[in-house]
Amino acid sequence: MKFADVILPLALPKNYTYAVPDHMLDTLKVGSRVAVPLGRQKKYAGVVKAIHELAPPDYKTKPLLDLLDKDPVVYPTQLSFWEWLASYYMCSEGEVLNAALPAHLKLSSETVLLFNDAYGDDFTDLSDDEYMIAEALHIRKELRIEEVQLILDKSEVYSVIKKLIEKQVLLVYEELKEVYKEKKENYVQLHARYEAEEELANLFNTLGKAPKQMELLLAYLHLVKTQGSVLQSELLKKSGASAAQLKGLVDKEIVWIEKRVVDRVPGGGKVDVQIDFTLSPAQDKALREIRTGFEQKPVTLLHGVTSSGKTQLYIKLIEEYIASGKQVLYLLPEIALTAQIVRRLQKHFGNKIGIYHSRFNNNERVEIWHKVKSGELRILLGARSSLLLPFLELGLIILDEEHDPSYKQQDPAPRYHARDAAIYYAGLFKAKVLLGSATPSLESYFNASQGKYGLVELSERFGGLEMPEIEIVDVKKAQAEKQMQENFSPQLIQAIHSTIAQGKQVILFQNRRGYAPFMMCTTCGWIPTCKNCDVSLTYHRYQDQLTCHYCGTRYPYVHTCAACGSQSLVTKSFGTEKIETDLQELFPKARIARMDMDAVRNKDSHNKMIQLLENQEIDILVGTQMVVKGLDFENVSLVGILSADNLLGFPDFRVNERAFQLMEQVSGRAGRKHGKGKVLIQAYRTQHPILHYVTIHDYKAMYAAEIAERQNFGYPPFFRLLKLTLKHKDQKVVEQAALVLANWLRPHIGPHLVGPAAPLVGRVRNYYLQEMMIKLPRDTKVIAQTKHLLKETFIKLLAEKQFRSVFIVPDVDYV
DNA sequence: AGCACGCCGACT
DNA sequence: GTCGGCGTGCTC
């Protein structure tokens, strides 16, 4: 008797064991999807994690229902990776599976209602609702729950269905649905017998009486000659004929239609467009250092200043690894995955490279999945989630912009850090990892300086380009002298003027979207807040409404103070929309665009805006974080940071590191080619040390100062951080739960526990929050013990009935 | 995550 | 009296 442990796509604490039916004994493989029953009637598709002969002692197993794959969807390597992710990041393997498998590989059961023919057609003793469903079923024979909801125009339909089952009008069964569909296209083919010249000539004669069909045939012959194959849709468009007329040709057996399975994700360009380039001596040296680094250590950090030509190094390395028969994964933060970088790589690697990011639809994801698994795709360029693809023979992972916080998944579980997970995943393949950044995370630079990672420095900009000149502008002073025009200092205005006059472009950075981060009543100080969250509402002038940036609720503009009734509400502070509006007044002739989450909400607008900037159809670009990443424009010579204080002001031990990274990265956008660029940073606190480090582009000085602080206060990289968030609709309950949890934990990990306390925003989407932080020493054993302790304590807490509905969210290596 | 079971308020 | 609301607990 054999048993299979199955990972189900649910947040179950453990995997379930099913009996392997005899007919599957030979065909069932680890990594395959299987259909399993769960509960009374549900079916799920899970993935087989292990096959063994250990009968579970305390329950009776149910049998697997179906084997869904001829070939497993993942290799054992991925199963090991999932297990590690689940245990390290404190979630279930089901949650990992959920994140890894494209939606279309995760079938779930659908309830299908069937008409019971034995019932006959006498519906007299049915209620109105029952009658409507019975009638519909009588005609259609089969209905889904969704359709029942539509017919009855309400969502709660179970009671009606239950009644109908009792009255034996209908039968229910569960159907597992495969959602992925191959894409097929219709190709038109000429019958073989007309290949011969004289047959074709005869055909022309006989078709004389059917001019439309003749036209079709001529268009077909033209397309065959020019393109080789003829798509039905294209033929119809070109000939202007109708589908019926084409059918005429099919009926006469002159042509036939072939349904071909086609790829949704085209391989991009041809392979032979490789453009050769030569590395600078500095790049060449760095490349050699990376290679020798990899001989001794699996991970190397490439610290290369902005514009030092890291991408070219990557391309050379990728070439080497694919030449040796390995696959390469190139990771970038989502918003850095622009058409610009994609084009650049496709130029070199043609259809050997695949792309994977969140804007792909589910069918496209399934195709990439299979191509990565089969090894057909040798290179994959993707965002965080592409780390979860089933690579066959991974040789190298490049993780560019390694300092980027978006590599850490926030919600939902698994809350993994792509950098750390990449290092583990690579280890399973004995593959190498190259981390790249102009401003490495303190963690990585620490690991490199400790000798844990190789370290390669590339401190020279490509082509002898100089680092931009940075000037700090004292806003307080300008304000005192009444020199500020809205949020622009005279220096910034002057710089923008002269930059535009020279036909160059400007990027302005402001880390807040919307028009004003909050509004306030000048009479009594009242501030409009969200009804679901404890935050002030941001005014969006473009839509003329107030928006909550935490839950997305929108409110109409407020004219009257809700507290004192006065009309004296004003907008406070400023976001990208206000900058854009004010700019347009200050520079009426300039072409201004705004790039933030609101402006690039729809699918392609981000790329379009980049295109405009590239074609120099925009003079000034205003944006949030978004302008920092993956933009590479030769003609931008001025960068302005509107308010450095915004970056330095919030209470987080990483502020300084983040602020430095952000400012240094934004600065890197300036003067990427002709001549030296200029960066203007407006600030109140002009003496802040971070501003000084940015001015002299001194990463190492920033690192030295910060690392000392981290050691003093016991923060990463000296300790690992585990954040616990408790959520509940009732503030009292969540506060108590947090206290109880902390009290239970304190005897074990007392000195390492900070909190509990409500976070800065204490309520989001009507859930009250409590947080606590656990500082874990860098000792694998202690970390594992603590996680075990936490899990046990969570179970204990949730066993208390008053805390049963408290959500506990552990976030390991909280960023 | 579903989904059934079970215990309290507003209707026939 | 019942319908139906959602809180709670189980699924191999």
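Start by selecting Cys533 in this predicted model: at 0% relative accessibility, Cys533 counts as buried. You will find Cys533 in the loop between strand E21 (518–521) and strand E22 (538–540). Leaving aside residues up to four places away in sequence, Cys533 touches Cys548, Tyr550, Cys551, Arg763, Val764 and Arg765.

Next, pick one of those contacts, Cys548, in the loop between strand E23 (545–547) and strand E24 (554–556). Cys548 is buried too, with a relative accessible area of 1%. With the same sequence neighbours left out, the contacts of Cys548 are Cys530, Cys533, Val535, Leu537 and Thr553.

Now show Cys530, Cys533, Cys548 and Cys551 together: an unreviewed UniProt entry lists these four under "binding site". They are spread over 22 residues of sequence yet cluster in space, with a largest C-alpha distance of 8.7 Å.

Time for some backbone geometry. Most residues other than glycine have a negative phi, and most peptide bonds are trans.

Go to Glu253, in the loop between helix H9 (243–251) and strand E11 (255–262). Its phi is positive, about 60°, although Glu253 is not a glycine. Glu253 is partly exposed, at 47% relative accessible area.

Then select His697, in the loop between helix H22 (689–695) and H23. Here phi is about 50°, again positive in a residue that is not a glycine.

For the last two stops, look at peptide bonds. Asp411 and Pro412 are joined by a cis bond with omega about -5°; Pro412 sits in the loop between strand E16 (394–400) and helix H14 (418–429). Finish at Pro716 and Pro717, where the peptide bond is cis with omega about 5°. Pro717 belongs to the loop between helix H23 (699–713) and strand E30 (719–728).

Notes
Residues numbered from 1 in each chain as written. Chains lettered and ligands numbered in written order. Predicted model: local features only at pLDDT ≥ 70, side-chain atom pairs only at ≥ 80, totals over all residues. Heavy atoms only, no water. Helix = DSSP H or I, 4+ residues; strand = E, 2+ residues; numbered from the N terminus. Buried < 20%, exposed > 50% of the residue type's maximum accessible area, 1.4 Å probe, protein only. UniProt positions renumbered as here; feature names shortened; annotations may be inferred. Contact = heavy atoms within 4.5 Å.
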